[in-house]
Structure formats: structure tokens, C-alpha cells
Amino acid sequence: MELLVRYLDRSNSICSVSTQDIIKEDTLRDDLKYYFMSPCEKYRARGQKPWKLVVQILKIVMITTQLILFGLNNQLVVSYKEENMMALKNLFLKDYSGVDEDDYSVAVYNQQQVYDSMFFVLDQYSQLGRLSVGPISYAEDEEGKLLPLVLCKEYYKRGTLDPSDEAFDIDAELETVCMSHDPKTANQWRTQNSSFFDLDFYRLVDIKATFQLKGINLQTVRSRELPDCYSFYVTITFDNQCHSGKVKIFLDIDAQSCACRDWKISGIAQKNTHYLLVFDAFVILVCLTSAVLCTRSIVLAVRLLQRFSRVFHENYNHKVCEDDQKEFLNGWYVLVIISDLLAIVGSILKMEIQAKVNHVFLSYK
């Protein structure tokens, strides 16, 4: 770098060279000084407007706006899952207050409360279609049969317990017993499986009710997006591992989205959705302009380095060191080009998705 600074600070050439070489060297010195100026200095020196800076500012504003719009659309998906979680807790958990306690939703403290809460889950599942205010229903297999609710209890294989005598005999091996019924046979659950519901609480570890539901996120229609279909894998656990007299009940949901198989949309109010496509296309144009300008700057820098190295070697018989060569290569330009390419690819994918959605809506109006 010191070699480059000394060269730029020279006011006259000390070599015996021709007038043409002196002019060439003075021109090179001016180009080098101009290259290392800031955008404001370049504007004061030659009146060149900082187009790259303007493009970068415009690009930041547009991409930020694009991300905000994308985030607002995805917020509908997040709110749908969260509200479904809350709705299912209120539907299937008896005496749920609407607020979870630590890692569980409800706690019960006597045997009757355990039975009531367990039967409440079964009864609510059997009449889900008459209870839920949302577009949610039972899941079906490939043959069109309703998928059953599976109720499993896990307990110690064998055991006797007498706290008054401070005596116990426990086999720590766990056993699992399950039963399953579809909603149509819900009224026969208790009578046909009375032995299953005869619980030995001192051996009981936990009870799990698992079932699958289907739902449709209709709120995306107002955003001119095709509604997604959801599969909700629900697990309700009665946790008695501590055997402390407190049974914790909590509900977990694994929600998976997929494209609906059979659908038709009609009666949608006409909205001009081409503005988003035009905006995305303009983002691509700005990013492409930014990438071209940065690439041009890199090419000009390489050419300037080659001129400087050649003149320095011919007139001074020195080779430009690596540190001085690195001063010509601006790493920010490389990062900007990479970010521009990623933004262009992302915008193209977004446009393809949006265009397909728009085509679907217009086809079924």
C-alpha cells in the first residue's frame, strides 16, 4: 500500500521518458486518484452522479417492502395454527381455563376427575361435527373410512403398594394396552371396554389419546391465495409419572399442510393482483441493474490494476505487491452481486407461485 501511496503523491515523473509516456502516466495517476475517491468526492471532482449508491438504496427499500408483504401473508398461516391449537384445547380439555400452566394445560387431583377428563375427550371427539365452529372434521384413510381415536394406557407390569406399612413390590417393566374406535361406535366405548377403564393408579404411568383431524384454512381466500388443507395429529396425554397425586394433562398438535385435492372457488370479488407481479418484476430489474453496475466496477478495477502494474513495471522496474493489488478488489461488490442473484431467484419463484394462484382464481371465477 505504501508503494501505491508514494506513486499517487508524485507530482512529476523522474524518469527519462517520452512526452507520450508522461501523459499516459499522468492520466493513470488521475484515474487512480479518482478510483479511490468516495461517491461524494467523485461527484465534486467530475460531476458523476452516484448511480450505484442510488440503486442500492432503492433496492433496499423495495426488497424490504417485498419481505414485509411476504411476512404479512405468512402471518395468516401462523395465526391459523395457533388459533386451532387454542380451539382444540377448549374442545377436548375439561375445565380448561384458556391459560397453560408451565408445560401442561390442566391438572387433576382425584380419580373421578381423571375419569371425567378422559371420558370428556372421548365424548367430545364423538360429536366433533356438532361442536366445532371451524371447518374441521375427522380424517379418513384411502378407502374413505374414518380414522379411529387410539387410547393407550402405560403402566408398570406388576406391583403392590402399601404406604402405611412402608412396603411395595414393583416390576419396573412397562406395559402398554390400547383400544381404538371410530366416532360411530363412540356410544359403545364404555360398555364394551369396561375393563380397560378400570385403572390401577398406583401402577399407571400415563394415558395417551391420539387421533387425526382435517381442516382447511379459508382465511387465505381474502388474500387472493388458494386455501391449504391441513392434517392435525393430536395427542392428549394424562401424565402420572411422578405419582405425586397430581395428574398433568396436556395437548400437543403436529400440523401439516398440503394442497387440497378437490376444490372449486366461485363468487370471489374481482381484485387487480397484477400490481404485485409488476412490483416483483421491478425488484428483479433493480437487482439486475445493481449486479450489472457492480460487475462493471469490478471489470474496470481489474483493467485499472493491469494498467498500473504494466506502467509501474515498465517505468520503475518494480512489481506491484499483493497488498496493493488487493486494494483494487472491493469485496463488497462481490457480496452485492451474490445478494442480487439470490434476490432475483427468490423474486422469480415468488412470481411463479403468485401467477399460478392468480390463474387458479381466474379460471374458477
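This briefing introduces the nonpolar cores, the aromatic rings, one helix and one serine of the structure above. The model is a predicted one. Its largest nonpolar core holds 39 residues, and ten aromatic pairs are counted in the model.

**The nonpolar cores**

- Within the largest core, the residues that touch the most other members are Phe92, Leu151, Leu213 and Ile236.
- Elements giving two or more residues to this core include the helices α4 (51–92) and α5 (111–126), along with strands such as β3 (149–162), β5 (204–216), β6 (229–239) and β7 (247–258).
- Helix α5 supplies the largest share, with seven residues.
- A second core, separate from this one, has eight residues, among them Met62, Val283, Val286 and Ile344.
- As background, nonpolar side chains in soluble globular proteins tend to be buried together.
- Leu213 is a good residue to look at: leaving aside residues up to four places away in sequence, its contacts include Leu88, Phe92, Tyr125, Ile136, Tyr138, Phe232 and Val234.

**Aromatic rings**

- Tyr115 and Phe119 make a stacked pair, with ring centres 6.2 Å apart and 25° between the planes.
- Both residues of this pair belong to helix α5, where Tyr115 and Phe119 are four residues apart, about one turn of the helix.
- In general, an α-helix has 3.6 residues a turn, so residues three or four places apart point the same way.
- Tyr115 and Phe119 are both buried.
- The two also belong to a cluster linked by ring pairs, together with Phe196, Phe197 and Phe201.
- One ring of that cluster, Phe196, has the charged end of Lys153 sitting over it, 4.9 Å from the ring centre.

**Helix α4**

- Helix α4 has 42 residues, which at 1.5 Å a residue should span 62 Å, and this agrees with the 62 Å between its end C-alpha atoms.
- The buried residues of α4 include Met62, Leu76, Leu88, Leu91 and Phe92, and also Gln56, Lys59, Gln66, Asn84 and Lys89.
- Two of these buried residues turn up elsewhere in this briefing: Met62 is in the second core, and Phe92 is in the largest one.

**Ser231 in strand β6**

- Ser231 is found in strand β6.
- Its relative accessible area is 6%, so Ser231 counts as buried, the limit being under 20%.
- The side chains of Ser231 and Lys214 make a polar contact at 2.7 Å.
- Leaving out residues up to four places away in sequence, Ser231 touches Gln212, Leu213, Lys214, Asp254, Ala255 and Gln256.

Note on methods
Residues numbered from 1 in each chain as written. Predicted model: local features only at pLDDT ≥ 70, side-chain atom pairs only at ≥ 80, totals over all residues. Heavy atoms only, no water. Core = buried A, V, L, I, M, F, W, Y, C linked by side-chain atoms within 4.5 Å. Buried < 20%, exposed > 50% of the residue type's maximum accessible area, 1.4 Å probe, protein only. Contact = heavy atoms within 4.5 Å. Phe/Tyr/Trp six-rings, centres within 6.5 Å; stacked < 30°, edge-to-face > 60°. Lys NZ or Arg CZ within 6 Å of the ring centre and 35° of its normal. Expected span 1.5 Å × (residues − 1). Polar contact = N/O pair within 3.5 Å; in protein donor to acceptor, adjacent residues only side chain to side chain.
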